[in-house]
Amino acid sequence: FFSSLLMATKRLPRRSDESGSSEDFGGDVVRLKPYQYIHVHDNNSNCSHVILGPATFTRQEHEHILNQPQQCIAIPPRHYCVVENPVIRTSTGELVKDKHGQAKVRLGDKEIRLHQEPFPLYPQEVLVNHEILPLRVLAPNTALRLKALRDFEGRSAGDEWLFEGPATYVPKIEEAIVEERAATILKPNTGLLLRARSTCTDRMGTKRQAGEEWLH
């Protein structure tokens with residue numbers, strides 16, 4: 001009776017992935033298909049790492065599998081996604097690890113990722129809203145009003161400018177879209193009375209002071 005009970009407790013539940021095949025999630029052996037991955041925690045070092053398929057992973061006594069096999073993130077052409085707490089990479093694309101061998105991440109930061117080879121999410125990385133979005137296409141005579149969220153590329157936080165169409169807008173973490181605007185078409189012998197909301201440089205390259213008015 002006791003031997004049969006012991007054998008029963010060792011039987012592990014089988015789970016099915018989205019493709020319908022069964023996986024021994026949490027067992028001693030996990031078989032990963034191409035572009036699948038799992039997170040494995042090392043109880044000796046208290047670090048987690050990624051096992052990327054295709055591979056057959058054999059769990060050691062001091063290891064713990066944190067999740068069932070997940071599909072890598074695949075971004076189609078002209079799409080993008082936002083990853084929170086992204087891993088740190090060198091200029092050559094190599095992963096930066098700490099002295100314990102765990103991938104370093106930029107906690108609290110975000111990263112825009114465009115079309116590329118399918119990639120796994122490392123421990124602590126999060127796909128924002130679990131979605132992949134299409135790039136925004138601007139028609140002629142339209143523009144996006146952008147605002148800088150932090151200092152970058154010669155701009156200061158709070159600066160505003162226009163990104164004019166026709167063009168494809170590639171988002172950046174350092175900026176946000178305030179609104180989309182349509183061009184104002186002027187008829188012959190008409191003009192616009194403009195007023196500067198803040199100190200700026202107009203589209204003709206003339207510097208303007210806050211409150212200054214002029215005809216365009």
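The exercises below treat salt bridges and the largest pocket in a predicted model.

Residues are numbered from 1 along each chain as its sequence is written, and side-chain values use heavy atoms, with hydrogens and water left out. Because the model is predicted, local features need pLDDT of at least 70 and side-chain atom pairs count only at pLDDT 80 or more, while totals for chains, interfaces and linings use all residues.

**Exercise 1.** State how many salt bridges the structure holds, and which residues are linked in a network with Glu125.

Solution.
- Step 1: apply the criterion, a side-chain nitrogen of Lys or Arg within 4 Å of a carboxyl oxygen of Asp or Glu.
- Step 2: the structure contains 16 salt bridges.
- Step 3: a network of these bridges joins Glu125 to Arg106, Asp109, Glu111, Arg113 and Arg150.

**Exercise 2.** For the salt bridge of Glu125 with Arg113, give the N to O distance, decide whether the two residues are buried or exposed, and locate both in the secondary structure.

Solution.
- Step 1: the closest N and O atoms of Glu125 and Arg113 are 2.8 Å apart.
- Step 2: Arg113 belongs to strand S10 (110–114), and Glu125 to the loop between S10 and strand S11 (126–127), so the pair ties together parts that are 12 residues apart in sequence. Strands are DSSP runs of E with at least two residues, numbered from the N terminus.
- Step 3: Glu125 and Arg113 are both buried, on a scale where buried means under 20% relative accessible area, exposed over 50%, and partly exposed in between (1.4 Å probe, protein chains only).

**Exercise 3.** Describe the accessibility of Glu111 and Arg106, which form a salt bridge, and of Glu179 and Arg181, which form another.

Solution.
- Step 1: in the bridge of Glu111 with Arg106, the closest N and O atoms lie 3.8 Å apart. Glu111 is partly exposed at 23%, and Arg106 is partly exposed at 29%.
- Step 2: Glu179 and Arg181 meet at 2.6 Å, N to O. Glu179 is partly exposed at 28%, as is Arg181 at 43%.

**Exercise 4.** Characterise the lining of the largest pocket.

Solution.
- Step 1: a pocket is an open set of points on a 1 Å grid over the protein atoms alone where a 1.4 Å probe fits, with protein on both sides within 12 Å along at least five of seven lines; lining residues have an atom within 4 Å of a point.
- Step 2: the lining comprises 32 residues, and Arg181 is one of those nearest the centre, with Leu162, Leu194, Asp202 and Arg203.
- Step 3: strand S15 (160–164) is among the elements giving two or more residues, and its four residues are the largest share.
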